[in-house]
Amino acid sequence: MSIKIKKRSEIDKQYKWHIDDLVKTDAIWENQYTEILKNLETFSKFKDNLNKGAENLLKCLETRDLMSEIIDKLYVYAQMKFHEDTTNDFYQGLSNKSDSLIVNFSSAISFIEPEIISLGQDTIKKYIESCPELKLYEHYFDNLIRQGEHILSPDQEQILANVQEIAASSSNIYSMLNDADMKFGLIKDENQEDVELTQGRYISFLQSSDRKVRQEAFNKYYEQYISKKYTLSAIYSSSVKSDVFFAKTRNYKTSLEQALSTYNIPIDIYTNLISTVNENLHLMHKYISIRKKALGVEELHMYDLYTPIVKNYNQKVSYDEAKKTVLEALSPLGEDYIQILEKAFNSGWIDVYENEGKHSGAYSWGAYGTHPFVLLNFDNKFGDMFTLAHEMGHAMHSYYTWDNQPFIYANYTIFLAEIASTVNETLLINYLLKQTTIPEKTKYLLNYFMEQFRGTLFRQTMFAEFEMITHDMVENGTPLTLELLNNIYHDLNAKYYGPDVIIDKEIDYEWARIPHFYTAFYVYQYATGYSAAISFSKKILENNTSDIEKYKNFLKSGSKKYSIDILKDAGLDMTTKEPIQNALSVFEDILNKFEKL
Ligand SMILES: [Zn+2]
């Protein structure tokens, strides 16, 4: 029996977002769109003129930001209308128009930042002294000029831009091979029926409680990678080489330094994460031995790492119950937080249910000057309540930031982006753990928590360590051969997972299936963000008012300072081991609790 998915028009209004809070009507959208396109001309009078005084610079930046604010609304409106029903041609068209609007706008303003950088620190300082309104942009200027040191002459920049296009080919070739060319064939599912193994289904097969299914999926999956092993190692090696080339050419000491400089993150953050996790690998080993015992297997294999070690907990949760539970779980954050959250639930921030053609998954989005919006596909599953808490974390972060920051600082960096969402999930787990008397539910919640630690803190740190080793090697003149890559990856697995798991030879090739490795030194932020969130949650649950205020100040900060400084103000010094250590001690508590059950 299948339940028919409703048409959008059949969904009750109270469960749909009030998208007209963003742009009132399609006609207004068209008007503003035409207006903006006409006004792009304005920037030509500023071009090559930003050195003509502070007032002129101010005027240019204000014009840009004002326009940018409207463009954001037009863009988000068009995309979100399209997401409501992706079969709707009209909004598909609007969404394409908004894409090209962004391209035109970016090109019209592309002169601004290079011209500011070439003004230099001293001129900027004088400008700010003579024109107090420019003070607002002080941090923005600082961030630009800081990176200016690594900008080359216009001729060299032109060459680099061309090389960049060629360098991107390793990542392009990889995704063609990985997403388009690789075919994994058929496997037998739990009902002995032939099913196609695909990239999208691989992890869900590994989660199967039928060991034969996950073993066959694992073997078949890696067969493909192994059959293309030399190609894959050549592509990855060329990607690392290009990272190293750009870092050297731009006068960075290492490619790691270059990658972290985007958000001005000190190298210590990266190395601290790796060393602190390494010092605590016995906790991961303990989790693995708990897993082995719980599954009751004689040998634990790499294909046994994803399957749940507790019975699936199938409690249904209605949307109304989920809202109520989330409100109660987040009450430690204080009256004001809860009031805004209630308002969010009751005034059209959220598009709750699935309808025909609706964009899948869940996200939080929006534009400065209105409230945030949340897209869900709520299906009354227990996990949907976690998705609600998670996305509301993002939404509340945006709400507080937009309410307290000027447009120029209204975004938060990727380094900070997953903190608020994870804090909410953690508060929810803690609340549910306290409430429940059902052992099955307790086990399910602890397992959920342990899996988050394994997947987000340990696994991403292992990835981060792999990237550091491979880039180090190339920087020191060691070519990355297939054998070397496999050895590095094998040793890392043995080190992270410990003696209770068999390091199957297939797993040596896992590096070949991780697309994130083509955006080097990115994944560590999942691990640092997760640790920061667990540290915050711990403080919030200790109910110290000043810590809770500090956390809310973090939510209000946007990008007004560098990410590390924002966290420092909120009481987390990510340059020390403490936040990671705190998170790991929470993991230890969970392991002990689970073991006792
Ligand atoms: Zn998220």
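In the predicted model, Phe453 is in contact with Phe458, Tyr530, Ile534, Ala583, Val586, Phe587 and Ile590, when residues up to four places away in sequence are left out of the count. Phe453 also belongs to the largest nonpolar core, a set of 145 residues, and is listed there with Ile350, Met392, Leu457, Trp511, Phe536 and Phe554 as having the most contacts inside the core. The greatest contribution to this core comes from helix α19 (residues 439-475), which supplies 13 residues. Another core, of 51 residues, lies apart from it and includes Leu22, Val76, Ile117 and Leu144.

Ser531 shares one of its contacts with the residues named above: it touches Leu457, together with Pro579, Ile580 and Ala583, again not counting residues up to four places away in sequence. Ser531 is part of helix α21 (residues 524-541). Its relative accessible area is 0%, and Ser531 is therefore classed as buried.

The zinc ion is coordinated by NE2 of His390, NE2 of His394 and two OE atoms of Glu418, at 2.1 to 2.6 Å. Along the chain, the donors conform to the spacing H-x3-H-x23-E. His390 is located in helix α16 (residues 382-404), whereas Glu418 occupies the loop between α17 (414-417) and α18 (419-435); the pair therefore ties together parts that are 28 residues apart in sequence. The angles subtended by the 4 donor atoms around the zinc ion run from 52 to 142 degrees, and the arrangement is irregular because of this. A tetrahedral assignment would require all angles to lie between 85 and 135 degrees. The two ends of the pair differ in accessibility class: His390 counts as buried, at 16% relative accessibility, while Glu418 is partly exposed, with a relative accessible area of 33%.

Helix α7 (residues 169-181) contains the buried residues Ser170, Tyr174, Leu177 and Asn178. These residues cover an arc of only 85 degrees around the axis and so lie on the same side of α7. The packing partners of the buried residues of α7 are α6 (154-167), α8 (199-206), α9 (211-227) and α10 (229-249). On the face turned away from the buried side, α7 carries Met176, Asp179 and Asp181, which are exposed.

With regard to domain organisation, the protein chain is divided into domain 1, spanning 8-149, and domain 2, spanning 183-227. The centres of domain 1 and domain 2, taken over C-alpha atoms, are separated by 46 Å.

Positive phi values were computed for Gln192 and Asn251. For Gln192, phi is about 65 degrees although the residue is not a glycine; Gln192 is situated in the loop between β1 (186-188) and β2 (194-196). Asn251, likewise not a glycine, has a positive phi of about 65 degrees and is placed in the loop between α10 and α11 (255-261). Gln192 counts as exposed at 53% relative accessibility, and Asn251 counts as exposed at 52%.

Glu335 is located in helix α15 (residues 335-346). With a relative accessible area of 59%, Glu335 is exposed. Between Glu335 and Asn404 the C-alpha to C-alpha distance is 18 Å, and the two residues are 69 residues apart in sequence.

Technical notes. Residues numbered from 1 in each chain as written. Predicted model: local features only at pLDDT ≥ 70, side-chain atom pairs only at ≥ 80, totals over all residues. Heavy atoms only, no water. Donors = N, O, S within 2.8 Å, 3.2 Å for Na, K, Ca; no water. Tetrahedral: all angles 85-135°; square planar, octahedral: opposite > 155°, others 65-115°. Helix = DSSP H or I, 4+ residues; strand = E, 2+ residues; numbered from the N terminus. Buried < 20%, exposed > 50% of the residue type's maximum accessible area, 1.4 Å probe, protein only. Domains from an automatic or database assignment. Arc of directions from axis to C-beta. Contact = heavy atoms within 4.5 Å. Core = buried A, V, L, I, M, F, W, Y, C linked by side-chain atoms within 4.5 Å.
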